[in-house]
Amino acid sequence: MASITLSKLNKHYGALHHAVKDVDLTIADREFVALVGPSGCGKSTTLRMIAGLEDISSGEIRIGERVVNHLPPRDRDVAMVFQNYALYQHMSVYDNLAFGLRNKRVAEREIKAAIDRAAEILGLHDLLKRKPRQLSGGQQQRVALGRCIVRNPLVFLFDEPLSNLDAKLRAQMRGEIKRLHAQLPTTSVFVTHDQVEAMTLGDRVVVMRDGSVQQVGTPLAVYAKPVNRFVAGFIGAPAMNFLDATVSAVGSALHVTAPGLDLAVGEERARGLTPWRGRRLVLGIRPEHLALGDGGPLGRTFDAKVEVVEQLGSEMLLEVRVGRARLTVARVAAEAQVAPGDQVRLFVPSGRLHFFDPESEAAF
Amino acid sequence: MPIVTQPLLFGRLPPRTRKLLFALFVSAICLLFAFPVLWLILTSLRPESGVYYVHRGTEFTLGNFLEVLQDERIEQAFANSAIIATLATFFSLLVTVSSGYMLSRFTGPAARTWFGTIYVFRCVPYISWVLPLYFVAQSWGVYDTYLGLLLPHIAVHICFFSWLMKGFFDGIDPSMEYAALIDGCSRWGAFLRVALPSAIPAIAALGVLCWLFTWNEFLFALILTGNRVPVITVVMAQFVSEMGLRWNLMAATAVMALVPAFLLALFGQKYVVRGLRL
């Protein structure tokens, strides 16, 4: 068991490409951390630097108390699951699982015991004699997980392990990884571009963009209090709605106004907004925080015109037009009588409004 | 508008006729390529008097083969060719496989320089190597020895086949090797224990190509060997002499030289196809 500490970690490819910029991150012992961001944000590079598959340009990586900067991968005591499974094609499943232990010259009897345990946990017993190419994608990824757990390493590293699976299998494997972590709590770093995976699996989520860490926090914190417009737009599905708006004073209260929309800001948000009086900002509203509400209090509602209705069975998604802006509305009751062209009144609680600086994109 | 799913060639004819025409067409092409070989086999079965009238007469004999087989020099040539081809294949695979792997997996000055070097050598016309090689072989004292013929062959193979090998390794997903590195292998260990076994079909294909290439090679053999190390391609050419042309004996030798190459190609074909597809 071990913590992982990244300090001022940098990766340059040549002079032009700065793939990872000053990443500072401490991952506690037994913690499950999800690195999430769009492709090319440096999350995989960061993971590969922890694994030792990629040189470090500057900075320091510690696993436990040990600085591992110059250690080859095999001396770092980590295990890794790859996107394309990376099973040894010419070996049986059993030999795949045994490979790491045999390299450590563990006695065959102990190897067998470890494989039995892993096969038990992952339900691999019937597959041990097969070759990887005889397995389905889900089975292959379970074998890859097994290859990690038989080694009983200090750290598990996951590099987009679910991306090659179809949607149904992905959800299933997500559950399996979660169960595995509960059963064998091991420090884990999970890289994904899918915010749902990051949110569901991570004890903490690390959102990255262009090589820098944007925000680190629990899934709920990242969702509720995104530090900037990028995080706000990346976390949550459907994505947050953004509108250009202006702050104005109406009597003693502050209002946020945009064409077709005039929302009174509750006292709890007003203090941060005072310096912005008379200025433009970006207003963010999550689709799931908009509700159809005719009877809502004044200053919390606005009118919109329905353009698109997407029926999902359990709920409806609406695309509506407010002034020049298009908004998505989620969690509309599936039975609601709404059709394209209808005028609806939408309600949003003032506590659910997000405000961003239009230049720096920072939230306040 | 109808959707055309078949070539329009003979499109108006009924399917059976079209198939027949197609079969005839394919057979004609095969015959075109096979014709010299068939003619060769026919010639090898004719008595000396009949070689200029292969298409006429009904006199056939196995005497040419018997005569050729009694010639010790030819037996020796067969043995030499086989030994040289096998050794050249073995040694060039040793270098080619690792050099192809390096070209595929590593970037950096060493790989770039190596790449540039073999690229340049590949661009040099084959025949322009021969004369310098002759002088080098003479001055090293390896003229007319196994070594003198082996070294140039290995060099040529390395230049030509490292590229093919690079292509094969490009097609093998490197994350398997990353997994091996994490699982306790060194870089060499990952290559030998994970990458290499996955490349076996490709290596087999390359082995077949190397062997055939050396077995069939004439130019180097002609210039770099003399009487001590006769090889089959050169011996065959020596039936053309001041004393006249022994077409029938040359054909018999050629047919015998075809056999090992033919067998190897036949059995190696599946590896070559699989390996090249990898």
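The exercises below, each with a worked solution, concern a predicted model.

**Exercise 1. Check the length of helix α3 of chain A against the span expected from its residues.**

Step 1. Helix α3(A) covers residues 108-122, which makes 15 residues.
Step 2. At 1.5 Å a residue, the helix should span 21 Å. The count to multiply is one less than the number of residues.
Step 3. The C-alpha atoms at the two ends are 21 Å apart, which agrees with the expected span.

**Exercise 2. Which residues of α3(A) are buried, and which are exposed on the other side?**

Step 1. A residue counts as buried if 20 or more other C-beta atoms lie within 10 Å of its own, and as exposed if 12 or fewer do.
Step 2. The buried residues in α3(A) are A114(A), I115(A), A118(A), A119(A) and L122(A). These residues cover an arc of only 135 degrees around the axis, which puts them on the same side of α3(A).
Step 3. A general rule helps here: an α-helix has 3.6 residues a turn, so residues three or four places apart point the same way.
Step 4. R109(A), E110(A) and E120(A) are exposed on the other side of α3(A).
Step 5. The cover over the buried residues of α3(A) includes α2 (93-103) and α4 (137-151) of chain A.
Step 6. Just after α3(A) comes G123(A), with a positive phi of about 65 degrees.

**Exercise 3. Where do D210(A) and D144(B) lie, and are they buried or partly exposed?**

Step 1. D210(A) is not a glycine, yet its phi is positive, near 50 degrees. D210(A) is found in the loop between β9 (204-209) and β10 (212-217) of chain A.
Step 2. Around D210(A) there are 15 other C-beta atoms within 10 Å, so this residue is partly exposed.
Step 3. D144(B), also not a glycine, has a positive phi of about 60 degrees. D144(B) is in the loop between α5 (130-140) and α6 (146-170) of chain B.
Step 4. D144(B) has 16 C-beta neighbours inside 10 Å and therefore counts as partly exposed.

**Exercise 4. Which two residues does a cis peptide bond join in chain A?**

Step 1. The bond is the one between A237(A) and P238(A), where omega is about -5 degrees.
Step 2. P238(A) belongs to the loop between α8 (229-234) and β11 (241-250) of chain A.

**Exercise 5. Follow the chain through the hairpins that β12(A) forms with β11(A) and with β13(A).**

Step 1. β11(A) and β12(A) (residues 253-258) pair antiparallel over five bridges. In this pairing A249(A) stands opposite L254(A).
Step 2. Two residues lie between these strands, and G251(A) in this hairpin takes a positive phi near 65 degrees.
Step 3. β12(A) also pairs with β13(A) (residues 261-265), in the antiparallel sense and over five bridges. Here A258(A) stands opposite L261(A).
Step 4. This hairpin has two residues between its strands as well, and G260(A) takes a positive phi near 85 degrees.

**Exercise 6. What is the strand order of the five-stranded open sheet in chain A, and which strands are at its edges?**

Step 1. The order is β15-β19-β16-β17-β18, with antiparallel pairing.
Step 2. The edge strands are β15 (291-292) and β18 (325-333) of chain A, since each pairs on one side only.
Step 3. Seven bridges join β17(A) (residues 315-322) to β18(A). L318(A) stands opposite V329(A) in β18(A).

**Exercise 7. What are the domains of chain A and chain B, and how many residues does each domain of chain B give to the contact between them?**

Step 1. In chain A the assignment gives domain 1 (4-234) and domain 2 (241-356). Their C-alpha centres lie 39 Å apart.
Step 2. In chain B the assignment gives domain 1 (15-64) and domain 2 (70-277). For these domains, the C-alpha centres are separated by 32 Å.
Step 3. The contact takes nine residues from domain 1 of chain B and seven residues from domain 2 of chain B. On the domain 1 side, the largest share is four residues, from helix α1 (residues 15-44) of chain B.
Step 4. By class, that side of domain 1 has four nonpolar, three polar and two charged residues.

Key
Residues are numbered from 1 along each chain as its sequence is written. Chains are lettered from A and ligands numbered from 1 in the order in which they are written. This is a predicted model: local features need pLDDT of at least 70, side-chain atom pairs count only at pLDDT 80 or more; totals for chains, interfaces and linings use all residues. The arc is that of the directions from the helix axis to the C-beta atoms. Two residues are in contact if their C-beta atoms, placed from the backbone, lie within 7 Å. Domain bounds come from an automatic or database domain assignment. Ala, Val, Leu, Ile, Met, Phe, Trp, Tyr, Cys and Pro count as nonpolar, Asp, Glu, Lys and Arg as charged, and the others, Gly among them, as polar. Two strands pair if DSSP finds at least two bridges between them.
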